[in-house]
Every structure is written in C-alpha cells, then in structure tokens.
Amino acid sequence: MNNVALPQPKKGARPKITLRAVYDELNWLRERVEDLEDLRELNEAIAHNKGKRLIPWDEAKKDLGI
C-alpha cells in the first residue's frame with residue numbers, strides 16, 4: 001500500500017497541493033478500489049461455493065499437471 005502524505009502547511013497558511021501529489025493520491029485510490037473490488041469478488045465466490053465439496057490437493061495437482 002502506498003500512502004502519499006501531502007505537505008503540511010504552516011499554521012494559518014493554505015496547503016500547497018502539487019499536481020504530483022494529486023496524481024500519486026489518485027493512483028493510490030485507484031489501487032485501493034481495485035483491491036476492494038477483488039475482495040468483493042472473492043467473498044461472492046466463497047459465498048457461492050459454500051458447502052460444495054472441495055477438490056483434494058493431490059487431485060488438483062494432477063489436473064493441473066503439477
């Protein structure tokens with residue numbers, strides 16, 4: 001995770017926000033949204049497959065050619 005810290009202004013001064021800082025923050029937010037979407041999809045798959053029989057590891061390796 002990439003936390004981007006904006007420069008802290010002096011008390012009473014307006015913060016200096018750079019285009020680079022905004023760009024970095026936007027990229028971090030985009031990555032975070034993708035992570036949350038992946039988590040949502042994973043949770044949906046787990047709920048959908050709840051109670052289904054699992055494939056034994058040896059069988060899965062054989063099917064994958066491992």
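A residue is called buried when its relative accessible area is under 20%, exposed when that area is over 50%, and partly exposed in between. The structure described here is a predicted model. Under these cut-offs K61, with a relative accessible area of 27%, is partly exposed.

**Overall architecture**

The protein chain contains two helices and zero strands. Helix α1 covers residues 19–48, and helix α2 covers residues 57–64. Of the 66 residues in the chain, 5% are buried. The chain exposes about 6,600 Å², and carbon and sulfur atoms supply 57% of that area.

**Salt bridges**

Three salt bridges are present in the structure. The table lists each pair with the separation of its nitrogen and oxygen atoms.

| Salt bridge | N to O distance |
|---|---|
| R20 and D24 | 3.3 Å |
| R40 and E44 | 3.6 Å |
| K61 and D58 | 3.8 Å |

The pair R20 and D24 belongs to helix α1, and because these residues are four positions apart there, about one helical turn separates them. R20 is exposed, since its relative accessible area is 54%. Its partner D24 has a relative accessible area of 21% and is therefore partly exposed.

R40 and E44 also lie in helix α1, and their spacing of four residues places them about one helical turn apart. Here R40 counts as partly exposed because its relative accessible area is 45%. E44, at 48% relative accessibility, is likewise partly exposed.

The remaining bridge joins the side chains of K61 and D58. Both residues are in helix α2, three residues apart, which corresponds to about one turn of the helix. D58 counts as exposed, because its relative accessibility is 59%, whereas K61 is partly exposed at 27%.

**A negative surface patch**

Charged residues also appear in a negative surface patch, which is formed by E31, E34, D35, E37, D38 and E41. One of these residues, E31, is placed in helix α1. E31 has a relative accessibility of 43% and so counts as partly exposed. That value suits a patch member, because patches are made of residues with over 30% relative accessible area and no salt bridge.

**Summary**

In brief, the predicted model has two helices and zero strands, with buried residues making up 5% of the chain. Salt bridges occur in helix α1, between R20 and D24 and between R40 and E44, and in helix α2, between K61 and D58. The negative surface patch includes E31, a residue of helix α1.

Methods
Residues are numbered from 1 along each chain as its sequence is written. This is a predicted model: local features need pLDDT of at least 70, side-chain atom pairs count only at pLDDT 80 or more; totals for chains, interfaces and linings use all residues. Side-chain values use heavy atoms; hydrogens and water are left out. Patches are made of residues with over 30% relative accessible area and no salt bridge: like charges are joined within 9 Å, nonpolar side chains (Val, Leu, Ile, Met, Phe, Trp, Tyr) within 5 Å. Accessible areas come from the Shrake-Rupley method with a 1.4 Å probe; for residues, only the protein chains shown count as cover. A salt bridge is a side-chain nitrogen of Lys or Arg within 4 Å of a carboxyl oxygen of Asp or Glu. Lys and Arg count as positive and Asp and Glu as negative; His and the chain ends are not counted. The place of a charge is taken as NZ of Lys, CZ of Arg, CG of Asp or CD of Glu. Buried means under 20% relative accessible area, exposed over 50%, partly exposed in between (1.4 Å probe, protein chains only).
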